[in-house]
Amino acid sequence: MELMEPFSSTLDLQTGILEPASQVLRRRLSDMKDMYADADAVKRIFEQEGDRLIYEVYVGGIPEVEGHMPHSTTTIHPGRIGDEFHMTKGHYHVKRDRAEIYLGLAGQGCLLLQTDDGTVRRVEMRRGIVAYVPHFWAHRTVNTGGVPFVFFAAWPGDAGHDYATIEQRGFAKLLISQYGRAVLTDNPRYK
Ligand code: M6P
Ligand code: ZN
């Protein structure tokens, strides 16, 4: 067994910046343009402002292997693509029977969860909310507010990220802004 040195890192609870971070993933509209329902809105944003930054992930640098507990913070910037709120790509775990813990730090948002048969659940998140992602549920987070939505996450090292399933099928529900409220609607493109 290989021993690892204990260590700590610093987390800015307002911005989500984690230091040290092994990497900072910056997800832009071009990384997920087909995930948003309104293709005309996507096109308009590219024309008017270029490749918009949607969210950032500060990755803690823990090995993604069994026995470890990787973690990260995610900062989803406020905004919409058409009526649809900014969101993460969302993923299943490659090992489906691996769970995850989220802790809301700043702003407000929603955790959307989905099973293979298209069942969707919505969990409200804000500072101080601990949300549990049970195994077998795909998970995506959405910023439903007007300021950055920041949360911390920790998951089993051997979970793995399966993005392909969501890229192909989408989520069965969309979170859109309607009369100033965040409303779940059916995704017409869900397969
Ligand atoms: C959370 C965790 C990470 C994930 C990140 C962004 O911090 O679930 O594992 O990478 O959100 O979500 P996604 O990978 O779906 O873009
Ligand atoms: Zn996960």
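Mentor: Helices and strands here are DSSP runs numbered from the N terminus (helices H or I, at least four residues; strands E, at least two). This is a predicted model, where local features need pLDDT of at least 70, side-chain atom pairs count only at pLDDT 80 or more, and totals for chains, interfaces and linings use all residues. Residues are numbered from 1 along each chain as its sequence is written, chains are lettered from A and ligands numbered from 1 in the order written, and side-chain values use heavy atoms, with hydrogens and water left out.

Trainee: OK, backbone oddities. Where does P20 lie?

Mentor: P20 is in the loop between strand 2 (18-19) and strand 3. The peptide bond leading into P20 from E19 is cis, its omega near 0 degrees.

Trainee: And what is the phi of F136?

Mentor: Positive, about 80 degrees, although F136 is not a glycine. You'll find F136 in the loop that joins strand 12 (130-133) to strand 13.

Trainee: On to the ligand. Which residues come nearest to ligand 1?

Mentor: "Near" means a heavy atom within 4 Å. Ligand 1 has 15 residues around it, with Y55, T74, E100, H161 and Y163 nearest. The shell splits into seven nonpolar, six polar and two charged residues; Ala, Val, Leu, Ile, Met, Phe, Trp, Tyr, Cys and Pro are nonpolar, Asp, Glu, Lys and Arg charged, the others, Gly among them, polar. Strand 4 (53-59), strand 5 (71-76), strand 9 (100-106) and strand 14 (149-154) each give the shell at least two residues.

Trainee: Which polar side-chain atoms lie by an oxygen atom of ligand 1?

Mentor: A polar contact pairs N or O atoms within 3.5 Å. A polar side-chain atom of Y55 is 2.4 Å from a ligand 1 oxygen, and Y163 has one at 2.4 Å too. For Y102, the side-chain N or O atom to ligand oxygen distance is 2.9 Å. As for cover, ligand 1 alone exposes 370 Å² and the protein buries 97% of that (Shrake-Rupley, 1.4 Å probe).

Trainee: How do I read empty space, and where does ligand 1 sit?

Mentor: Rolling a water-sized probe over the atoms shows where space is left empty. A pocket is an open set of points on a 1 Å grid over the protein atoms alone, where a 1.4 Å probe fits, with protein on both sides within 12 Å along at least five of seven lines; lining residues have an atom within 4 Å of a point. Ligand 1 sits in the largest pocket (more than half of its atoms within 2 Å of the grid points). That pocket's volume is about 400 Å³, the space filled by probe spheres on the points, joined across faces, edges and corners. Its lining counts 29 residues, with V57, S72, H91, H161 and Y163 nearest the centre.

Conventions:
Polar contact = N/O pair within 3.5 Å; in protein donor to acceptor, adjacent residues only side chain to side chain.
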